[in-house]
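Please open the structure in your viewer and keep the selection panel handy. We will walk through it one stop at a time.

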2 protein chains.
Amino acid sequence: MPPMMTITVDLGARSYPILIGSGLLGRAGLLDPHLRGRDALIVTNTTVGPLYLGRLRGMITKGRVSSIELPDGEEHKTLATTALILDALVQHRLGRDGVVLALGGGVVGDMAGFAAAIYQRGIDFVQVPTTLLAQVDSAVGGKTGINHPGGKNLVGAFHQPLCVLSDSETLQTLPDRELSAGLAEALKCAIIADAHFFDWFEGHAAALLARDAGALNQVIRRACEIKAEVVAGDEREHGRRALLNLGHTFGHAIEVCAGYGTMLHGEAVGAGMAMAARFSQRLGWFAPAEVARVGALLQALRLPVKAPRIALDAFLAAMAIDKKVLGGHIRLVLPRTIGHAVVTAEFPAGELQGFLRAELAG
Amino acid sequence: MPPMMTITVDLGARSYPILIGSGLLGRAGLLDPHLRGRDALIVTNTTVGPLYLGRLRGMITKGRVSSIELPDGEEHKTLATTALILDALVQHRLGRDGVVLALGGGVVGDMAGFAAAIYQRGIDFVQVPTTLLAQVDSAVGGKTGINHPGGKNLVGAFHQPLCVLSDSETLQTLPDRELSAGLAEALKCAIIADAHFFDWFEGHAAALLARDAGALNQVIRRACEIKAEVVAGDEREHGRRALLNLGHTFGHAIEVCAGYGTMLHGEAVGAGMAMAARFSQRLGWFAPAEVARVGALLQALRLPVKAPRIALDAFLAAMAIDKKVLGGHIRLVLPRTIGHAVVTAEFPAGELQGFLRAELAG
């Protein structure tokens, strides 16, 4: 049996393991300690279901198992689609001891987790992420939610999974763009917290794009370790956890203005991180040589480093509704050196406007 | 200034006060320690808004205040109406530090609290209950949620308010049926936890129906004290809190089968409590004389003591989807003496079927 790595997200009574390895989907007994024979609903989508639903079902030997396939895509991460999951939970009569399993990428995980958080005021759920983005980021940490026409992830709940099962073999069928999008979120962890990981990234960009199994397992492991450490210290984002939003305030504005689906979330985060690096440089906080390294690595990972052409007013309005705006001040995560970033609203508003005017000119 | 009573719900860092008195709405400064000048959205309905919205707005002297009026009625306690509140929160650009104020009865409080629980993964909210049912029960304890076609309160969240402001003067305009419905939930507290309160109730039924201010303040105070004590010991209903569901498993089934709005929630709970008393008697657990006292007091409070005519199969199906069903076993709250009840699934299923067959025959 190929090796499996386990990382623990340390949240006291709600601590849970992240299981990482190649070929974990289908391995008998792996989920038994978490499901304990209880009734389960698997939530997946029309892309992932045909590939992996059978393998996941095969792992569950006790209890009633039902499933629902949702349409695929960020544009379906809505309250209306969440209602379909809730309907399925009622239809299949899951009780308070029922379990939801989210099989898919970030959209499926966020929505299924949110449905689990609000069904009967909260039932258990398990994350089975099948995209790199979900494996390195969205499946870990308990943020669940949906989009609102006014902004990304404006509605949701903190709800920690029972367990995260990341089978890196699923990445072999992932489209190239989605692979790069996932790498953007992993790179984010390096920029905010681990210069050595950034160095490693530079040396392994080619192996990662070639889907080398060892490199993929490593990148998932290290990103999860960093995220687990940050989340354990600040589960509800009163402080340090906000660092994980590097690139996201710019990135969300790009997604909202460009229209969901035009750019993948991870791609928008990639462009957002490049913008955060340049804005930090403009403030004199981030050295030009390091900005250049960030930009070069993003490009090596086939990620965008610029926002598409967007009107300044629309971009600012989209930033203003972003959740990270507190009391009217736009707070940004800005890198200071590779491996260290700060969350701050302490910059002149005029600087931000001037910066965006130049950036968005195209 | 008329006196104000304060009861504390003791939940550590999330403890909060319940302020009870006549004429509290409009009293300057009362909400300032909780709102602290932050932006607020008042959620009310088309019945309560014209009566009390102006008084509540007048209490808020700092920060931006906006409001939304929802349609009135249990049939509007839906995900779709919740979406209207979320839209208003986005439209008025409330940030993570914004506050929702729920001005109205249980439907408004449950829905506004749920919207606050999921907007930006949870923002603060204040309960300003204007019905007796909300003042003695639903505004206290942090249960928020909405109905699903498959069952009552099937979707929701635990989310404690910052403060509960109960002005008993609002009860002077309450329709008679709603007054009685609120008394049912207060009586529930007496039956599960306080025989003296039950005695007091028997002596004050007429004063309560005559809306004597002193009697109303007393009934709100004592019901809140009991609920606060139970909730403080078991916030998420892993044990003792389930006692507060006395009459609710039968009651919810009545509501679902009769159609929301046919019977008020409190009326259905009244009938449900009478049924629980009779079923407990059938099992030999509750003395006939005490069953008679419960029935007589319910009737003195102008509450129903029987379910309407409902088909047995439909009733059982509605009970089976109730949240209190765990792993397929129907758990019921059953009184043992006045002032003491138990939560149990330890009764022969055949007894329940036989009991319901006799009860529902009409």
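Start by selecting the strands of chain A: seven of them form an open sheet with mixed pairing, in the order E1-E2-E9-E6-E5-E3-E4. Strands and helices here are DSSP runs, numbered from the N terminus, with at least two residues for a strand (E) and at least four for a helix (H or I); two strands pair if DSSP finds at least two bridges between them. Now look at the edges of the sheet, where E1 (5-9) and E4 (65-70) of chain A each have a single partner strand, so one side of each lacks a neighbour in the sheet. From one strand to the next, the twist averages 15°.

A word on what you are viewing: this is a predicted model, in which local features need pLDDT of at least 70 and side-chain atom pairs count only at pLDDT 80 or more, while totals for chains, interfaces and linings use all residues. Residues are numbered from 1 along each chain as its sequence is written, and chains are lettered from A and ligands numbered from 1 in the order in which they are written.

Next, select residues 40-45 and 99-104 of chain A. These are strands E3 and E5, paired in the parallel sense over four bridges. Zoom in on Leu41(A), whose bridge partner in E5(A) is Val100(A).

Add helix H4 (106-118) of chain A, which packs on the sheet and touches E3, E4, E5 and strand E6 (124-129) of chain A. Contact means that the C-beta atoms of two residues, placed from the backbone, lie within 7 Å. The direction of H4(A) makes about 170° with that of E5(A); axes are lines fitted to C-alpha atoms, for helices over the stretch in contact, and angles run from 0 to 180 degrees between N-to-C directions. Then select helix H3 (79-91) of chain A, lying across E3 and E4 of chain A and running at about 160° to E4(A).

Now show both chains. Which elements of chain B give two or more residues to the side that touches chain A? Select helix H3 (79-91), strand E7 (143-148) and strand E8 (151-158) of chain B. E8(B) provides the largest share, six residues. The contact as a whole takes 26 residues from chain B and 26 residues from chain A.

Finally, colour by confidence: chain A averages a pLDDT (the predictor's confidence in each residue, from 0 to 100) of 94, and 97% of its residues score at least 70. The model scores ipTM 0.92 and pTM 0.93.
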